[in-house]
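Me: Could you walk me through the metal site and the bound ligand in this model?
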Amino acid sequence: MAYADILLEQKQAALDDLRGVKELFASRNWFPGTSGNLSVRVGDFTPEEFYFAITASGKDKSVHTPEDYLFVDRNGKPCETTALKPSAETLIHCEIYRKTGCGAIFHVHTIDNNLVSDWYGDQGFVPAKGIELIKAFNIWEEDAAISIPILPNYADIPKIAALVPDALDPAVPGILLRNHGIYAWGRNAFEAKKHLEAFEFIFEYTYRRLLLNAAGSNQAR
Ligand SMILES: CSCCC(=O)C(=O)COP(=O)(O)O
Ligand SMILES: [Zn+2]
């Protein structure tokens, strides 16, 4: 499918999804200092050809303007003539779409995801076990355990993007960059939001669990 074949209504639906999610996440302070980026895919998908709407780079994501989003292709190149620059991290979105065929990807920086990604950074994954919110990933087994991958936070984004395919776990719709933030995805904006919220719950739980464990061992001494 060529970009020109994508209907105006499909593009508008993607922009409406992005606007709603952006407003909600901004109200949670999930875009401090212009950080974070959001994308929603439009039209049909093949790994060789796909298109998505993504936030423009460096914008204040707590306000709405006519210059908040643009459409790009599978290589992260704008589909229409525009002065806007796609997110600096667009290539990471490209790799996630290409490998998973998902419909939406949301990236946020939070204190919890930064702290936990750094704490477990050397081992390369955050372990999570027996937390009810793991069910949000459609994993229903009792006392389920997952590992959330962590990649190094290179300044060179293509270098990070190259690591994405091998790091992905098909059962876990998210990936952390160490001391940077999380990318979470889903079949559509609803599911990507659900997954992101579940990850953030797990990170806050993990952080507080570590504090409680540390307090417990201090008391024992
Ligand atoms: C100001 S935060 C540093 C860049 C970043 O990590 C981010 O998520 C926002 O970059 P963008 O180009 O998408 O605005
Ligand atoms: Zn970022």
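The chat below goes through the zinc site and then ligand 1.

Reply: Before we start, this is a predicted model in which local features need pLDDT of at least 70 and side-chain atom pairs count only at pLDDT 80 or more, while totals for chains, interfaces and linings use all residues. Residues are numbered from 1 along each chain as its sequence is written, chains are lettered from A and ligands numbered from 1 in the order in which they are written, and side-chain values use heavy atoms, with hydrogens and water left out.

Me: Ok, which protein donors does the zinc ion have?
Reply: The zinc ion (ligand 2) has as its protein donors two OE entries of E89 together with NE2 of H107, H109 and H180, lying 2.1 to 2.8 Å from the metal. Donors here are N, O and S atoms within 2.8 Å of the metal (3.2 Å for Na, K and Ca), and water is not among the atoms, so sites may look incomplete.

Me: And how are the donor residues spaced in sequence?
Reply: The spacing reads E-x17-H-x1-H-x70-H. E89 sits in the loop between β3 (69–73) and α2 (90–100), and H109 in the loop between β4 and α3 (111–119), so this pair ties together parts that are 20 residues apart in sequence. Helices (H or I, at least four residues) and strands (E, at least two) are DSSP runs, numbered from the N terminus.

Me: Is H107 buried or exposed?
Reply: H107, which belongs to strand β4 (residues 104–108), counts as buried at 0% relative accessibility. E89 is also classed as buried, at 11%, whereas H109 is partly exposed at 21%. The classes are buried under 20% relative accessible area, exposed over 50% and partly exposed in between, with a 1.4 Å probe and protein chains only.

Me: What polar contacts does the H107 side chain make?
Reply: The H107 side chain pairs with the side chain of H109 at 3.1 Å and with that of H180 at 3.2 Å. A polar contact is a pair of N or O atoms within 3.5 Å; within protein, one must be able to donate a hydrogen and the other to accept it, and residues adjacent in sequence count only if both atoms are side-chain atoms.

Me: Switching to ligand 1, what lies around it?
Reply: Ligand 1 is surrounded by 14 residues, the closest being S57, G58, S87, A88 and E89, where a residue is near if one of its heavy atoms lies within 4 Å. Oxygen atoms of ligand 1 lie 2.6 Å from a polar side-chain atom of S87 and 2.7 Å from a side-chain N or O atom of E89.
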